[in-house]
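Colleague: Got a minute to go through this model with me? I'd like to know how the labels were reached.

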Amino acid sequence: MAPFQGYESASPLMPSRPPAPLTKQLFGARLPPSRRAHRAATALAFLAGLGACSVPIAGALDDAEVNRVLVALDRDNIDATREPDPSAEGTWRVEVAREDVQRALSAMQGEELPRRSPPSVLDAVGKGSLVPSEAAESAQLAAGISGDLERSLESIEGVLSSRVHLSVPAPSLLRDSVPPRGSASVLLEHRGATPPISADSVQRLVAGGVAGLLPSDVAVVMVPRTTFAGSVPSDFAHVGPIAVARTSVKRLQAALVVLVALVALLAAATLVLYSRLSRARAELVREAPVPR
């Protein structure tokens with residue numbers, strides 16, 4: 001008599017139901033082999049992509065500022081890309097590999113990047129109270145002129161940051177009185193030991209932007225900025241945890257992509273072969289004659 005189909009006998013004379021294949025235990029019994037192979041390949045590709053993900057280190061940058069950041073990072077052999085910043089329309093953000101974040105932040109700190117945006121004359125004038133006083137208007141105008149001068153100084157290659165302080169007295173209402181003279185002071189931080197611009201040039205630039213100011217009335221202080229230890233240029237780049245020569249980065253990335261693809265194909269083929277062997281074994285067990 002044939003045993004009942006829903007009953008598994010513990011007798012050694014009757015074959016027991018074969019154990020479920022490992023692929024069914026891991027991925028479910030109803031998934032076909034092609035879908036199980038696809039899931040395995042997707043998981044391997046996801047794990048391989050975790051090491052190559054990028055991290056944003058600066059955002060909301062205009063074209064000029066994002067170019068400064070990219071040039072500074074490239075000078076320190078740090079691979080970086082710029083992408084549109086979704087949080088601010090019309091701006092950019094800079095992304096680097098996760099393992100290069102610390103070096104990139106050190107390099108940006110050494111270059112005073114991203115730079116602050118000083119107010120211009122148009123930004124400063126017209127703000128404040130509804131009917132500003134003469135002193136308030138004079139202070140706003142001086143702040144705007146200082147911002148324009150700082151922007152001009154920071155556009156010079158090698159200048160990291162600048163501060164311009166103006167002391168411009170209000171004009172006298174008396175026609176025959178001697179107009180008061182103002183003064184200015186400039187703090188300039190530059191890269192390296194040699195300043196990219198002379199103190200005389202800075203004095204002429206600032207004096208030319210303020211009415212009634214002479215170059216001798218401008219005090220200039222220049223501070224050299226040394227390179228941070230973490231941003232020393234190196235001939236090596238990082239691909240995940242692997243440090244290779246910069247000329248070999250592209251070849252290593254291509255080799256890793258091919259290797260991951262081969263591993264994924266091998267895993268898929270192994271899963272398909274194991275599934276077929278399991279089905280063949282189950283059919284052989286079912287077709288085996290039952291001893292009486």
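Colleague: Which residues of α6 are buried?

Modeller: This is a predicted model, to begin with. In α6 the buried residues are Q140, A142, G144, I145, S146, G147, L149, E150, L153 and E154.

Colleague: How do you know that the span of α6 agrees with what is expected of a helix?

Modeller: Set one against the other. α6 has 21 residues, and at 1.5 Å a residue it should span 30 Å. The C-alpha atoms at its ends are 30 Å apart, so the span agrees.

Colleague: And where does I156 lie?

Modeller: I156 is in the loop between α6 (134-154) and β4 (159-167).

Colleague: Why is I156 called partly exposed?

Modeller: Its relative accessible area is 24%. Buried needs under 20% and exposed needs over 50%, so I156 counts as partly exposed.

Colleague: What does I156 touch, leaving aside its neighbours within four places in sequence?

Modeller: P196 and I197. I156 and P196 are 40 residues apart in sequence, with 7.6 Å between their C-alpha atoms. Contact goes by heavy atoms within 4.5 Å, so the C-alpha distance isn't what decides it.

Colleague: On to L160 in strand β4. Is L160 buried or exposed, and what makes it so?

Modeller: Buried. The relative accessibility of L160 is 1%, and the cut-off is under 20%, so L160 qualifies.

Colleague: Which residues is L160 in contact with, again leaving aside neighbours within four places?

Modeller: G110, E111, E112, R115, E189, H190, R191 and R225. As for V223, it is 63 residues from L160 along the chain, and their C-alpha atoms are separated by 10.0 Å.

Colleague: What makes β4 an edge strand?

Modeller: β4 belongs to an open sheet of three strands in the order β4-β5-β6, with mixed pairing. The edge strands are β4 and β6 (218-225), each pairing on one side only. Neighbouring strands in this sheet are turned by 10° against each other on average, direction ignored.

Colleague: How do you know that β5 and β6 pair?

Modeller: Count the bridges. Pairing takes at least two, and strand β5 (residues 183-191) shares eight with β6, in the parallel sense. As an example, S185 has A219 as its bridge partner in β6. Helix α7 (residues 199-209) packs on this sheet, touching β4, β5 and β6, and its direction makes about 130° with that of β6.

Colleague: What is the strand order in the sheet that has antiparallel pairing?

Modeller: That one is an open sheet of three strands, β1-β3-β2. Its edge strands are β1 (54-61) and β2 (80-84), since each pairs on one side only. The twist averages 30° from one strand to the next.

Colleague: How many bridges back up the pairing of β2 and β3?

Modeller: Five, in the antiparallel sense, against a requirement of at least two. Among them, P84 is partnered with W92 in β3, and T81 with E95. β1 and β3 are also joined by five bridges and run antiparallel; one of the partnerships is A58 with V94 in β3.

Colleague: Which helices pack on that sheet?

Modeller: Helix α3 (residues 63-75) touches β1, β2 and β3, and its direction makes about 15° with that of β3. Helix α4 (residues 101-110) touches β1 and β3, at about 30° to the direction of β1.

Colleague: Back to E95, found in strand β3 (residues 92-97). Why is E95 called buried?

Modeller: The relative accessible area of E95 is 13%. The limit is under 20%, so E95 is buried. Neighbours within four places aside, E95 is in contact with S54, V55, P56, D79, A80, T81 and E83.

Colleague: What makes the link between the side chains of E95 and R93 a polar contact?

Modeller: The distance is 3.1 Å, and the cut-off for a suitable pair of N or O atoms is within 3.5 Å. That puts the pair inside the limit.

Colleague: And what does the whole protein come to in helices and strands?

Modeller: Eight helices and eight strands. Buried residues make up 29% of the 292 residues. Of the contacts between residues at least 6 apart in sequence, 65% join residues at least 24 apart. The accessible surface is about 19000 Å², with 61% belonging to carbon and sulfur atoms.

Definitions and conventions. Residues numbered from 1 in each chain as written. Predicted model: local features only at pLDDT ≥ 70, side-chain atom pairs only at ≥ 80, totals over all residues. Heavy atoms only, no water. Helix = DSSP H or I, 4+ residues; strand = E, 2+ residues; numbered from the N terminus. Buried < 20%, exposed > 50% of the residue type's maximum accessible area, 1.4 Å probe, protein only. Expected span 1.5 Å × (residues − 1). Areas by Shrake-Rupley, 256 points an atom, 1.4 Å probe, with all protein chains shown as cover. Polar contact = N/O pair within 3.5 Å; in protein donor to acceptor, adjacent residues only side chain to side chain. Axes fitted to C-alpha atoms, helices over the stretch in contact; angles between N-to-C directions.
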